[in-house]
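Hi,

Here is the structure I promised to pass on. Have a look at it first, and then read my notes underneath.

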Amino acid sequence: MEKIKFIVPETQEETEFFCLEQTRINNQNYLLVTEDEEGDSEAYILKETSSKEEETVYEMVEEDAELEAIGKVFAELIDDVDLEY
């Protein structure tokens with residue numbers, strides 16, 4: 001499972017997430033990530049907000065309608081994951 005680094009803009013704190021799945025919808029890239037590789041844990045949906053040569057910027061999806069719609073897509077892509085919104 002691929003691991004990505006995420007920097008919180010407000011604190012510049014670095015966090016690592018495991019990428020469970022990725023998809024592209026309406027020319028927008030989304031990642032389904034979690035902090036723990038195994039077991040039950042919180043999962044987050046990130047969307048790409050900009051991309052430069054060496055750095056891609058993602059932000060957490062927080063809008064309920066977008067979160068539910070993208071969550072349904074990820075639920076179809078991953079059979080053994082139970083997503084709650």
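**What I found**

Let's start with Asn-29: setting aside neighbours within four places in sequence, Asn-29 is in contact with Thr-23, Arg-24, Leu-46, Lys-47, Glu-48 and Tyr-58. One thing to keep in mind while you read is that this is a predicted model.

Where does Asn-29 sit? It is in strand β3. With a relative accessible area of 22%, Asn-29 is partly exposed, because the partly exposed class runs from the 20% limit for buried up to the 50% limit for exposed. One partner from that contact list is worth finding on your screen: Glu-48 is 19 residues away from Asn-29 along the chain, yet their C-alpha atoms are separated by 5.4 Å.

Thr-23 is another partner of Asn-29, and you'll find Thr-23 in strand β2. Is Thr-23 buried or exposed? Its relative accessibility is 16%, so Thr-23 counts as buried. If you again skip residues up to four places away in sequence, Thr-23 touches Gln-28, Asn-29, Tyr-30, Val-73, Phe-74 and Leu-77.

**Zooming out**

Now for the whole chain. It has one helix and five strands, and reading along the sequence you get the pattern β-β-β-β-β-α. The radius of gyration is 13 Å, close to the 12 Å that the globule rule gives for 85 residues, so the chain is as compact as a globular protein of that length. If you'd like a feel for the dimensions, the C-alpha atoms fill a box of roughly 30 × 30 × 20 Å along the principal axes.

How many of the 85 residues count as buried? The share is 25%. The accessible surface of the chain is about 6,500 Å², and 39% of that belongs to carbon and sulfur atoms. As for contacts with a separation of 6 or more, 24% of them are between residues 24 or more positions apart.

Then there's the charge. The chain carries 6 positive and 27 negative side chains. The centres of those two sets lie 7 Å apart.

**Two loops to look at**

Next, a bit of backbone geometry. Most residues other than glycine have a negative phi. Which residues should you check here? Gln-12 has a positive phi, near 60°, and is not a glycine. Gln-12 lies in the loop between β1 (2-7) and β2 (14-25), and at 56% relative accessibility it counts as exposed.

Asn-27 is also not a glycine, and its phi is positive at about 60°. This residue belongs to the loop between β2 and β3 (28-34). Asn-27 is exposed, with a relative accessible area of 66%.

Asn-26 is in the loop between β2 and β3 too. How accessible is Asn-26? The value is 75%, so Asn-26 counts as exposed. If you want a distance to try out in your viewer, take Asn-26 and Glu-63: they are 37 residues apart in sequence and 17 Å apart in space, C-alpha to C-alpha.

**Lys-3 and the aromatic rings**

Back to the strands for a moment. Lys-3 lies in strand β1 and is partly exposed, with a relative accessible area of 46%. Leaving out neighbours within four places in sequence, Lys-3 is in contact with Glu-16, Phe-17 and Phe-18. You could also look at Lys-3 and Glu-35, which are 32 residues apart along the chain and have their C-alpha atoms separated by 9.4 Å.

One of those Lys-3 contacts, Phe-17, turns up again in the aromatic part of the story. Which residues form the aromatic cluster? They are Phe-6, Phe-17 and Tyr-44. A search of the whole structure finds two aromatic pairs.

That's my tour. Happy to go through any of it with you at the screen!

Cheers

Key:
Residues are numbered from 1 along each chain as its sequence is written. This is a predicted model: local features need pLDDT of at least 70, side-chain atom pairs count only at pLDDT 80 or more; totals for chains, interfaces and linings use all residues. Side-chain values use heavy atoms; hydrogens and water are left out. Helices (H or I, at least four residues) and strands (E, at least two) are DSSP runs, numbered from the N terminus. The radius of gyration is taken over C-alpha atoms; the globule rule is 2.2 Å times the number of residues to the power 0.38. Buried means under 20% relative accessible area, exposed over 50%, partly exposed in between (1.4 Å probe, protein chains only). Contact means heavy atoms within 4.5 Å. Accessible areas come from the Shrake-Rupley method with a 1.4 Å probe; for residues, only the protein chains shown count as cover. Lys and Arg count as positive and Asp and Glu as negative; His and the chain ends are not counted. The place of a charge is taken as NZ of Lys, CZ of Arg, CG of Asp or CD of Glu. Rings of Phe, Tyr and Trp (its six-membered ring) pair if their centres lie within 6.5 Å; planes under 30 degrees apart count as stacked, over 60 as edge-to-face and the rest as tilted.
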